[in-house]
Amino acid sequence: MIMKPDAILVLDFGSQYCHLIGRRIRELNVYSEIVPYDITPMEINAFDEKLNVKGLVFSGGPSSVYDKDSPRCDPKFFDWGIPILGICYGHQLIAYMLKGTVKPGTKKEYGIAYVNIDKPIDVLEGLGKRERVWMSHGDTVYGLPQGFEPLAHSENTPIAAFRNSERRIYGLQWHPEVVHTEKGRPVIENFIFKVCGCQPNWTMGSFIEKAVEEVGDSIGRSGGIIALSGGVDSSTTAALAAKAIGNKLTAVFVDHGFMREGEPEFVKDIFQKYGMNVIIAHEKNRFLTKLRGITDPEQKRKIIGEEFIRVFEEIARKIGAEYLLQGTIYPDRIESGFRKHSEKIKTHHNVAGLPVNIEFKGIVEPLRDLYKDEVRKVAELLDLPKEIVWRQPFPGPGLAVRIIGEITEEKVRLVKAADKIVAEEIEKSGANHDLWQYFAVLAGVKTTGVKGDSRAYGHTIAVRAVESSEAMTANFAKIPYEILEKISTRITNEISEVTRVVYDITHKPPSTIEWE
């Protein structure tokens, strides 16, 4: 049996920084998981099969604790004996629910602030007398519940940190998870190691052992199909599954016609070298027919998700496979709204895009709790080739979600040609090493242009390039103008139907990385 890792659960009250808290904990080799704010102690006890839950973090959030419908945690946690750290809204919530005083601040604090550390003990151990931090709040704690003591203050916040050492409950008005807080990491370390007593026993190596064991236990002697796309997520899942069930695994690559240039050949070549049984399902006409006349992006994703499953089912019947493995990762589940109170940003074809009725005995997702950079670490430990490990992400629905509006064979041809030019020019320049993704979008807009001294009325291509570390947030990349000029010139010269090229300069949020 693999040892259960120590873990911290992060209760999500709606903060834009919630997932940063989870990542900062994982960076310290302690497992963390984001859970709904209204989770119950009984539900947390259910985690005991796979985790040693050693502490809770209450995230920030946009609500005011004294509003009627503001989110509240289960009050049993305060007497449960498990350590709690409240951050921003979580800090205010602890004070308010335990009969302290929370009111609108005389001055709101947004951005860089300075706090005075009155008692550098417990979670504040090792901090100086005055620390530079990141604040983002309008409400303030003015009075503490019985048994609590203040630990820090700022110019506008009389109680910027507090504790009840006997109950091991702590509050911070500032955000230690944000990089602008200079000594945020030591605060998180103090909580998870000194207060909660966690051991740094969650590593990618231990994850691999546990994932292989779980896949083996889930599938047993049955056969399994891995939905292989050629990206790092599905490739890593394939490598883990091969370790677990060996020749009972079949990799199926569905060529729906919306892939990058040369993608099916690339995938087949890579994985056949590993001795894996690879089936390429050529289903271009099938998918185009199903998507005829469809313009809504969510409907596109659901149709593609269902057709993927139907293709896998047909192949599974022929080879006797009973389980489907997918490379679903944590951001896929987050954006598809997998938690009770989370907002669905967009359906991922392999999560919320799946049909209700599925023939498989089960769907196995060994990477479901990992971020992309963590998947890459696993892939390196599994000795996957660099061209797989560091490939830029590519959506499962492929170019279908890079065509705004109805999909036609002609539009696929255009966006595929433009996408190839974008990739070639960025990779030729070396700029790709600093980028998360770079691609072309057929914007669904026609504009007037001039070609050969004559009026032309053609398509608009949007170029998108972003920097990110985990895809939960992203900044548009400041690509040098010379590279953008080469891309634009080549697209308008080589693709006669295109008259205009634009560059997307929107961060995530407020946009998403993909256009649909």
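The following legends describe an overview and several close-up views of a predicted model.

**Figure 1. Overall dimensions of the chain.**
The secondary structure of this predicted chain comprises 14 helices and 18 strands. Its C-alpha trace extends over about 75 × 65 × 40 Å along the principal axes. For 516 residues, a compact globule would be expected to have a radius of gyration near 24 Å, and the value of 25 Å for the chain therefore agrees with that expectation. Of the 516 residues, 57% are buried. Among contacts with a separation of 6 or more, 74% are made by residues 24 or more positions apart. The accessible surface amounts to about 22300 Å², and carbon and sulfur atoms contribute 49% of this area.

**Figure 2. Helix α1 and its surroundings.**
Helix α1 covers residues 18–26. Is this helix largely enclosed by the rest of the structure, or largely open? Helix α1 is largely enclosed, because eight of its nine residues are buried. The buried residues of α1 are Cys18, His19, Ile21, Gly22, Arg23, Arg24, Ile25 and Arg26.

**Figure 3. Aromatic rings of helices α8 and α9.**
The structure contains nine aromatic pairs. One of them is formed by Phe287 and Phe308, whose rings meet edge-to-face, with 5.8 Å from centre to centre and 65° between the planes. This pair connects distant parts of the chain: Phe287 belongs to helix α8 (residues 284–290) and Phe308 to helix α9 (residues 297–319), 21 residues apart. Phe287 has a relative accessibility of 1% and therefore counts as buried. Phe308, at 10% relative accessibility, also counts as buried, because the cut-off for a buried residue is under 20%.
Phe308 forms a further aromatic pair with Phe312. The rings of Phe308 and Phe312 are stacked, with centres 5.9 Å apart and an angle of 15° between the planes. Phe308 and Phe312 lie four residues apart in helix α9, so about one helical turn separates them. Both Phe308 and Phe312 are buried.

**Figure 4. An aromatic cluster.**
Which residues form one aromatic cluster? The members are Phe13, Tyr37, Phe58, Phe78 and Tyr89.

**Figure 5. Charged side chains over aromatic rings.**
In one view, the charged end of Arg402 lies over the ring of Phe439, at 3.9 Å from the ring centre. In another view, the charged end of Lys478 is placed over the ring of Phe476, and here the distance to the ring centre is 4.9 Å.

**Figure 6. Strand β7 and its partners β5 and β8.**
Strand β7 (residues 149–154) runs antiparallel to strand β5 (residues 101–117), and three bridges join the two. Within this pairing, Asn116 has His153 of β7 as its bridge partner. Strand β7 is also joined by three bridges to strand β8 (residues 161–164), again in an antiparallel arrangement. Here Glu149 stands opposite Arg163, a residue of β8. How many residues lie between β7 and β8 in the hairpin that they form? Six residues lie between these two strands of the hairpin.

Definitions and conventions. Residues are numbered from 1 along each chain as its sequence is written. This is a predicted model: local features need pLDDT of at least 70, side-chain atom pairs count only at pLDDT 80 or more; totals for chains, interfaces and linings use all residues. Side-chain values use heavy atoms; hydrogens and water are left out. Rings of Phe, Tyr and Trp (its six-membered ring) pair if their centres lie within 6.5 Å; planes under 30 degrees apart count as stacked, over 60 as edge-to-face and the rest as tilted. Buried means under 20% relative accessible area, exposed over 50%, partly exposed in between (1.4 Å probe, protein chains only). A charge sits over a ring if NZ of Lys or CZ of Arg is within 6 Å of the ring centre and within 35 degrees of the ring normal. Two strands pair if DSSP finds at least two bridges between them. The radius of gyration is taken over C-alpha atoms; the globule rule is 2.2 Å times the number of residues to the power 0.38. Contact means heavy atoms within 4.5 Å. Accessible areas come from the Shrake-Rupley method with a 1.4 Å probe; for residues, only the protein chains shown count as cover.
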